[in-house]
Amino acid sequence: MIEPYRSDFNARFTEAKYAELLRVLEERSRTKIDFRVSETPCFFAPELMQHMVQAGVELTAQLLDNAEYMRASAEAIPEAFRVPKQDAHPHFMTVDFGLVRDANGELQPKLVEMQAFPSIFGYQAMVSQAYKEVYGLDPELTPFLGGLDEAGYWELLRETIVGQHNPENVVLLEVEPEKQKTLPDFRAHERRLGIHTVDIAKLVKEGRRLFYRDTVTGKLVQVERIYNRVIVDELERKRIKLPFDYRDDLEIEWAGHPNWYFRVSKFSLPHLQHECVPAAVFLDDWFAGKGRERLPADRERWVFKPLYSFAGKGIQFAPTDADLAAIPKAERYLYLLQERVKFEPVIRTPAGMTQAEIRIMYVWPRGKKMTPMINLVRMGRGLMMGVDHNREMTWVGGSSGLCPTS
């Protein structure tokens, strides 16, 4: 957005450089990039980025400092996935914003959603550096937040994910990781932190301990800490048979305790009061007549979402009464009606003006404060901003926001 970076990038762009970007990413991640990478990074003013960083901190505090909300969110955890030994706060937080114009024509962030769950910390650092190297960008541009440099970024990630453990005893846990589009991110974590990526279905349970089988030696290695990347929705959808029960009292530490995935999520939106938060109402409350006045009169400005889906699954725009009534009464508490955020197209590209959704990614190590780390940008020109929804376009997809440091 900010000049002269945007104009200079567009003028110097070549398809050969973009091809080199993709080659570098696949070489460094040691795997195929199976989602669309945008041709361009985004250039943002530091003041706008800081506005979003601070809003994310305020929204998180508003939830965690609210005793009534904390009771309600604890009850929202499905019984089968109530994991013992929950940490006092989440280790990870992601807060997604769209950019809109206010009454004065100024750009302002609007909350899309927030989730106490890790995002692609490894890949995002890698793609940001690749953009700078391949396109020969100003070295003073940075994707990192809170004054961090690359070394400080990885040190804080190591503290949060590995802690005091031998990396051999720390696993990145996922469902069928080799089939996930986020595999490049797993590879980046493996390379930088020395941890192992393990399929949750292949863990071995002995008493109160979990083990994984080393792919080189064939020996069982005890798991002492889990970097949790498992989405419960996917476990249930694929009917994955687990070697343990989430409710078991295991000798395990969690980097990203599973309970927080449910406690700070789309479930949080109706409980928030902030200038950047759009109206949101639980579907069961809407049917009961509660909170209806909060939503716009125009149904075209409504979004209908399941609370615990991922990557945009199940989202409907402008839902009809028939769409809402199709949800069984006993399941309506699992759905949300939300005011649709109309993104302002702000990124000028050779393919036209393009929208951007910005994710601010935080870590929260034990004994420290919630710390902004890096941003992730999803560029698009359609209704949905996720990389899966913009495959047939150019100058859209996963990207990185870069800010000048001087």
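**Exercise 1. Two cavities and their linings**

Task: In this predicted model, work out how the residues that line the second largest cavity divide by class, and then do the same for the largest cavity.

Solution: The lining of the second largest cavity divides into six nonpolar residues, one polar residue and no charged residues. To see where these classes come from, list the lining itself, which is made up of Phe117, Asn228, Val230, Val232, Tyr246, Pro258 and Tyr261. The space in this second largest cavity is about 50 Å³. Turning next to the largest cavity, we find about 70 Å³ of space, and its lining consists of Val83, Pro84, Lys85, Phe244, Tyr246, Asp248, Asp249, Leu250, Ile252 and Trp254. By class, this lining holds seven nonpolar, no polar and three charged residues. Altogether, the count of cavities of 30 Å³ or more comes to two.

**Exercise 2. Two residues with positive phi**

Task: Find where lysine 85 lies and where arginine 30 lies, and decide whether each is buried, partly exposed or exposed.

Solution: Begin with lysine 85, which belongs to the loop between helix H4 (67-75) and strand E2 (92-101). The phi angle of lysine 85 is near 60°, a positive value in a residue other than glycine. With a relative accessible area of 49%, lysine 85 is partly exposed, and the name Lys85 also appears in the lining of the largest cavity. Continue with arginine 30, which is placed in the loop between helix H2 (15-29) and strand E1. For arginine 30, too, phi is near 60°, a positive value in a residue other than glycine, and at 47% relative accessibility arginine 30 counts as partly exposed.

**Exercise 3. A sheet and its edges**

Task: Give the order of the strands in the open sheet of three strands, and explain why one side of E1 and of E4 is left without a neighbour in the sheet.

Solution: The strands follow the order E1-E20-E4, and their pairing is mixed. Strand E1 (42-43) and strand E4 (141-142) stand at the edges, where each has a single partner strand, so one side of each remains without a neighbour in the sheet. Looking at one pairing in detail, E4 and strand E20 (residues 401-404) run in the antiparallel sense and are joined over two bridges. Within E20, proline 404 is the bridge partner of leucine 141.

**Exercise 4. Two cysteines without a disulfide**

Task: Determine how many disulfides the whole structure contains, and describe the situation of cysteine 42.

Solution: A search of the whole structure gives zero disulfides. Cysteine 42 takes part in none, and the nearest cysteine sulfur, that of cysteine 403, is 10 Å away. A disulfide would need the two sulfur atoms within 2.5 Å. As for accessibility, cysteine 42 counts as buried at 0%, while cysteine 403 is buried with a relative accessible area of 7%.

**Exercise 5. The nonpolar cores**

Task: Identify which residues of the largest nonpolar core touch the most other members, and which helix gives the largest share of this core.

Solution: The largest nonpolar core has 71 residues, of which Phe44, Leu111, Met114, Ile200, Leu203, Ile358 and Ile360 touch the most other members. Helix H3 (residues 46-64) provides the largest share of this core, namely eight residues. Another core, of 46 residues, lies apart from it and has Val24, Val127, Leu141 and Tyr227 among its members.

Methods
Residues numbered from 1 in each chain as written. Predicted model: local features only at pLDDT ≥ 70, side-chain atom pairs only at ≥ 80, totals over all residues. Heavy atoms only, no water. Pairing = 2+ DSSP bridges. Helix = DSSP H or I, 4+ residues; strand = E, 2+ residues; numbered from the N terminus. Buried < 20%, exposed > 50% of the residue type's maximum accessible area, 1.4 Å probe, protein only. Core = buried A, V, L, I, M, F, W, Y, C linked by side-chain atoms within 4.5 Å. 1 Å grid on protein atoms, 1.4 Å probe; cavity = no way out; pocket = protein on both sides within 12 Å on 5 of 7 lines; lining within 4 Å. Points joined across faces, edges and corners; volume = space filled by probe spheres on them. Nonpolar A, V, L, I, M, F, W, Y, C, P; charged D, E, K, R; others polar.
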